[in-house]
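Visitor: Could you take me on a close look at the aromatic rings in this protein? I'd like to know what they pair with and how they sit in the fold.

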Amino acid sequence: MIDIFVCEDNYKQLNEIVSYINNYVLIENLDMELKLATSDPYRILNYLEKNDTEKSLYFLDIGLSSDIDGIELAKKIRKNDFDSKIVFITTHSEMVFLTFKYQIEALDYILKDFPDEIQGKVTRAIDLCNEQFQKKESKSEEYYQIKTGDQLKSVKISDILFFESSPVPHKVIVHLMNGQFEFYNTMKEIESENEKFFRCHKSYVVNVDNVESINRQTRKITMSDGEIIFSSVLGCRTLVKMKNNN
């Protein structure tokens with residue numbers, strides 16, 4: 001999940017930006033949450049001291065009515081949250097150049113001089129932030145996309161144990177390290193979607209990397225979490241070869 005923070009000392013504009021963020025996240029069903037919206041930069045710094053943030057997006061007013069401005073706040077944020085995405089808000093376009101002077105990489109800039117463009121700039125920043133974090137994750141770890149209702153979930157391949165045919169027609173149950181849920185798909189489709197997925201039985205597709213052991217006599221497969229599923233004779237033989245080749 002991406003945490004969103006807003007620091008803006010104009011309460012009317014603060015409320016407008018918060019409304020734009022909440023509405024867009026809700027409508028687009030994004031894996032994001034507004035954690036804190038405030039006019040006080042120290043509230044954000046205090047939050048970061050007490051909480052860990054892996055992925056975050058900050059909307060910061062440059063001209064804050066405080067002893068630290070938005071640029072100084074951004075510098076302090078980067079010390080605690082190095083990979084953060086920062087969007088600066090300002091009434092003066094010339095202030096933008098200060099971010100280059102202090103070498104603060106910004107995701108975008110929102111100029112208050114153009115109020116009709118603010119909502120579009122906020123939603124664009126959210127999309128851009130989401131895209132950049134997803135690209136970074138896809139480089140470091142492989143993900144599997146699962147559509148459940150109107151939501152698209154990104155599940156780590158390494159967290160997937162196996163897929164099981166559901167009693168509900170056209171549905172499949174995915175078993176994860178930390179739970180399970182149903183979604184619409186077919187076993188035939190799933191086994192073709194990733195080279196780590198192998199259909200060992202008409203009712204099961206396993207993640208080969210998470211197969212702990214294989215008993216060829218009983219045709220029982222033990223997964224890395226200790227769960228046991230069954231395999232066909234041919235599936236068992238093929239799975240043994242696949243594990244030996246890894």
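Guide: Happy to. Let's begin with two rings you can find right away: Phe163 and Phe197 are both buried. Please keep in mind that this is a predicted model. Phe163 and Phe197 form an edge-to-face aromatic pair, with 5.0 Å from centre to centre and 75 degrees between the planes. The pair links distant parts of the chain, as Phe163 belongs to strand β8 (residues 160-165) and Phe197 to strand β11 (residues 197-201), 34 residues apart.

Now widen the view a little. Phe163 and Phe197 are members of a cluster, joined by ring pairs, that also takes in Tyr144, Phe181 and Phe183. One ring of this cluster has a lysine for company: Lys153 lies over the face of Phe181, at 4.3 Å from the ring centre. A similar arrangement can be found at Tyr184, where the charged end of Lys171 sits over the ring, 4.9 Å from its centre.

To place these rings in the whole protein, it helps to know the domains. Domain 1 covers 2-138 and domain 2 covers 143-245. Taken over C-alpha atoms, the centres of domain 1 and domain 2 are 40 Å apart.

There are nine aromatic pairs in the structure. Another of them joins Phe5 and Tyr47, again edge-to-face, at 5.3 Å centre to centre with 65 degrees between the planes. This pair, too, links distant parts of the chain: Phe5 lies in strand β1 (residues 2-7) and Tyr47 in helix α2 (residues 41-50), 42 residues apart. How buried or exposed are the two partners? Phe5 counts as buried because its relative accessibility is 0%. Tyr47 has a relative accessible area of 21%, so this residue is partly exposed; the cut-off for buried is under 20%.

Before you go, have a look at a helix as well. Helix α3 (residues 70-80) has Gly70, Ile71, Leu73, Ala74, Ile77 and Arg78 as buried residues. Looking down the axis of α3, you would see these buried residues fall within an arc of 155 degrees, so they line one face of the helix. At the start of α3, a side-chain oxygen of Asp69 comes to within 3.1 Å of the backbone nitrogen of Ile71, and Ile71 is itself one of the buried residues of the helix.

Conventions: Residues numbered from 1 in each chain as written. Predicted model: local features only at pLDDT ≥ 70, side-chain atom pairs only at ≥ 80, totals over all residues. Heavy atoms only, no water. Domains from an automatic or database assignment. Phe/Tyr/Trp six-rings, centres within 6.5 Å; stacked < 30°, edge-to-face > 60°. Helix = DSSP H or I, 4+ residues; strand = E, 2+ residues; numbered from the N terminus. Buried < 20%, exposed > 50% of the residue type's maximum accessible area, 1.4 Å probe, protein only. Lys NZ or Arg CZ within 6 Å of the ring centre and 35° of its normal. Arc of directions from axis to C-beta. Polar contact = N/O pair within 3.5 Å; in protein donor to acceptor, adjacent residues only side chain to side chain.
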